[in-house]
Each structure stands twice: as structure tokens, then as C-alpha cells.
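Reader: I should like a close look at one part of this structure, the metal site, together with the elements that surround that part. Please describe the site and then set it in the context of the fold.

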Amino acid sequence: MNEMTTVGFIEMKHGTAEDYALLGRYEHEYAAGTADRILEQLARLGGGLSGYKISRLEHSIQTAARAEADGADADWIVAALLHDIGDELAPHNHDSIAADIIRPFVREQVSWVVQHHGIFQMVYYAHHTGGDPEARRKYADHPYYQDAVDFCERWDQSSFDPDYASPPLGHFAPMVREVFARPAWDEAVLRKGVREPLVR
Ligand SMILES: [Fe+2]
Ligand SMILES: [Fe+2]
């Protein structure tokens, strides 16, 4: 018997259980390559967006390197590395893109901080551009508020220094692979409500 390699349907509503089992197997294989595709996308941030003294890739690596130097855990370091990964395709909501990419695989605390880092960063520049630097105050009572403040102050806003000695992107590859190899949406990974320190 020939093994099925494509589905039989041309409209999803006509798919059979066998069709969807086949797609499930392909999806499982494809998902295993997520970490490598993320590393490829990060490498692309080496070009684009000019004006800063360093590239978006260098900024991303520097942000992660500062997190690592602070003794932060893998969730924080990978989040720091990926926090601007949406810049190329979603410059107006890049924080949400990054948060959605990591959300199934990291602590809720960490994806919340990445989701909101854009508005928290405004405190550093919005007074020059006509925005509200204190827009983040609307989250003042949120349990992860201070974590987002610290993420931005310690790691994000400070990571535009061309003289910072960063490791190559490959230094973080094993950590990215470890995080994306976790079971998606596992409660033991999401650890809702738990706050791990940024600095140890
Ligand atoms: Fe950002
Ligand atoms: Fe950033």
C-alpha cells in the first residue's frame, strides 16, 4: 500500500481523519524546526533600520547578553534576544509579534513583559516625539509592572552601545533550541503568576 503523502481534499471541510492525521505528523516535524527558523529570522535583523549606532541584530544580542550577565534565567534571556524580532514585518506592533512567538514556551511573566515593552520604552523618548512618556502608568497595578520597568531599564534601552562586547548570535542558539523544544502551553512552563527575578 502506498503511503499517503498529501491530503485527498481540495476543501478543508471534505478532509478525513486520515488527512488530518497526516497533516498532524507534518506539523509536528515542522514545529521541531521552529528554533532554527527563529535564529534565521534574527540573523536577518543585521540589516535594515538605520540611524542607530548598531543594527537590530546587535541590539538584540546585546539585550540578551545583559540579561545573561545579570544571571537571569533562560526564559528571560531568550525573551531579551527575541523581543524585537517582529521589527521587520510589524514595525507598529513588533512587541505583540515577539510576545506571541514566545508565549507557548516561556513563563507568563516573561511574555507579558515582551508584549508591553513598547509602551514601557516610551518613558525614554516620547517627550521628544509628542507621545506620552507615562503611558505605561496604566499598568501600574499589574503584578508584572516592575518587571517590565526593569527589563526596559536594565536590558532594552541600554543596549545601543557599539562598544559593548557581545558574543555571536550562535552563543544563544542552544538556549533558543532548549526553550522552543519545550511542550507548548505546558502549565509547568507558563507558571502563571510566578515572578522570577531579572537579576540574581
Ligand atoms: Fe522593541
Ligand atoms: Fe529593543
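Author: In this predicted model, three residues coordinate the iron ion (ligand 1): Asp84 through OD, His94 through NE2 and His117 through NE2, at 2.0 to 2.2 Å. Along the chain, these donors follow the spacing D-x9-H-x22-H. His94 belongs to helix H5 (residues 94–102) and His117 to helix H6 (residues 108–121); the two histidines are 23 residues apart, and the pair links distant parts of the chain. Both His94 and His117 are buried. A second metal, the iron ion (ligand 2), is 3.6 Å from the iron ion (ligand 1), and Asp84 coordinates both.

Another acidic residue, Asp87, is found in the loop between H4 and H5. With residues up to four places away in sequence left out, Asp87 touches Arg56 and His94, the latter being a ligand of the iron ion (ligand 1). The relative accessible area of Asp87 is 13%, under the 20% limit, and Asp87 therefore counts as buried.

The helices that carry the two histidines also take part in the nonpolar core. In soluble globular proteins, nonpolar side chains tend to be buried together. Here the largest nonpolar core has 48 residues, of which Leu42, Leu81, Leu82 and Phe180 touch the most other members. At least two residues of this core come from each of helix H2 (34–44), helix H3 (56–69), helix H4 (74–82), H5, H6, helix H8 (145–156) and helix H9 (173–180). H4 gives the most, with eight residues.

Phe180 illustrates how separate stretches of chain meet in this core. Not counting residues up to four places away in sequence, Phe180 touches Thr34, Ala35, Ile38, Val78, Leu82, Ile101, Ile102 and Phe105. Among these contacts, Leu82 is itself one of the four core residues that touch the most other members.

Two of the contributing helices, H3 and H8, also meet each other. Their axes come within 9 Å and cross at roughly 110 degrees. Since angles of 65 to 115 degrees count as roughly perpendicular, this description applies to H3 and H8. On the H3 side, the contact involves His59, Thr63, Arg66 and Ala67, which meet Arg154, Trp155 and Asp156 in H8. By class, this contact comprises two nonpolar, two polar and three charged residues.

Notes: Residues numbered from 1 in each chain as written. Chains lettered and ligands numbered in written order. Predicted model: local features only at pLDDT ≥ 70, side-chain atom pairs only at ≥ 80, totals over all residues. Heavy atoms only, no water. Donors = N, O, S within 2.8 Å, 3.2 Å for Na, K, Ca; no water. Helix = DSSP H or I, 4+ residues; strand = E, 2+ residues; numbered from the N terminus. Buried < 20%, exposed > 50% of the residue type's maximum accessible area, 1.4 Å probe, protein only. Core = buried A, V, L, I, M, F, W, Y, C linked by side-chain atoms within 4.5 Å. Contact = heavy atoms within 4.5 Å. Axes fitted to C-alpha atoms, helices over the stretch in contact; angles between N-to-C directions. Parallel < 35°, antiparallel > 145°, perpendicular 65-115°, else oblique. Nonpolar A, V, L, I, M, F, W, Y, C, P; charged D, E, K, R; others polar.
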